[in-house]
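This report examines selected helices and side chains of one protein chain. Please consult the sequence and the structure shown here while reading.

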Amino acid sequence: MAADPSPRCAAGGGSADCRYGFAAGARTIFPITLTYYVVGHATEEQLAAALPDGGAAARARLAAALDPGHHPSLLAAAEELAAPHPAEHFDLGLAIIVAGIAAQLPGASDRP
C-alpha cells in the first residue's frame, strides 16, 4: 500500500492519510487490524484454557479433518495451530503485522 497518488494528495489536500504518506484509509485499517488480532488471540487463548484436555481432542479432530492431498502444509502445522505456545505465537504474529505496517511508511523501501 504505497502513498496515495491521487491529485488530492499530490496537492497537499485530502485526508490525514495523505499527510502521513499512506494510501487513503490506511491509518484507519492499521489499528483495526491490530485490535482484531489482539482480541482474536485473547479469545482463542481463553477458549483453549477452558478445554479440560488442554486442546488435545481439538487438535486430533483438526488433524483428522485435514485432507493431506489438499492441505499438506496445513496438516504438517496442525500441532502448532492449536497454539501450544500462545505467547510465542502472539509475539511472532504481532511482529509480522507491525513489520507490514512499517513497510507502508514513507521511505520504508530506503531503510535496510
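The following paragraphs describe a helix pair, three residues and a surface patch.

The model is a predicted one.

**Packing of two helices**

Helix α3 covers residues 26–49, and helix α7 covers residues 86–102. Their axes lie 11 Å apart and form an angle of about 170°. Because angles over 145 degrees count as roughly antiparallel, α3 is described as roughly antiparallel to α7. On the α3 side, the contact is made by Phe 30, Thr 33, Leu 34, Tyr 37, Val 38, His 41 and Glu 45. The residues contributed by α7 include Pro 86, His 89, Phe 90 and Gly 93.

His 41 of α3 touches Pro 86, His 89 and Phe 90, when residues up to four places away in sequence are not counted.

**Accessibility of three residues**

The table lists the relative accessible area of three residues.

| Residue | Helix | Relative accessible area | Class |
|---|---|---|---|
| Ile 32 | α3 | 36% | partly exposed |
| His 41 | α3 | 12% | buried |
| Leu 62 | α4 | 31% | partly exposed |

His 41 counts as buried because its value of 12% falls under the 20% cut-off.

**Surface patch and a residue pair**

Ile 32 also belongs to a nonpolar surface patch, which is made by Ile 29, Ile 32 and Tyr 36 and has an area of about 320 Å².

Leu 62 is found in helix α4, residues 56–65. Leu 62 and Leu 74 are separated by twelve residues in sequence, and their C-alpha atoms are 9.9 Å apart in space.

Notes. Residues are numbered from 1 along each chain as its sequence is written. This is a predicted model: local features need pLDDT of at least 70, side-chain atom pairs count only at pLDDT 80 or more; totals for chains, interfaces and linings use all residues. Side-chain values use heavy atoms; hydrogens and water are left out. Patches are made of residues with over 30% relative accessible area and no salt bridge: like charges are joined within 9 Å, nonpolar side chains (Val, Leu, Ile, Met, Phe, Trp, Tyr) within 5 Å. Accessible areas come from the Shrake-Rupley method with a 1.4 Å probe; for residues, only the protein chains shown count as cover. A salt bridge is a side-chain nitrogen of Lys or Arg within 4 Å of a carboxyl oxygen of Asp or Glu. Helices (H or I, at least four residues) and strands (E, at least two) are DSSP runs, numbered from the N terminus. Buried means under 20% relative accessible area, exposed over 50%, partly exposed in between (1.4 Å probe, protein chains only). Axes are lines fitted to C-alpha atoms, for helices over the stretch in contact, and angles run from 0 to 180 degrees between N-to-C directions. Angles under 35 degrees count as roughly parallel, over 145 as roughly antiparallel, 65 to 115 as roughly perpendicular and the rest as oblique. Contact means heavy atoms within 4.5 Å.
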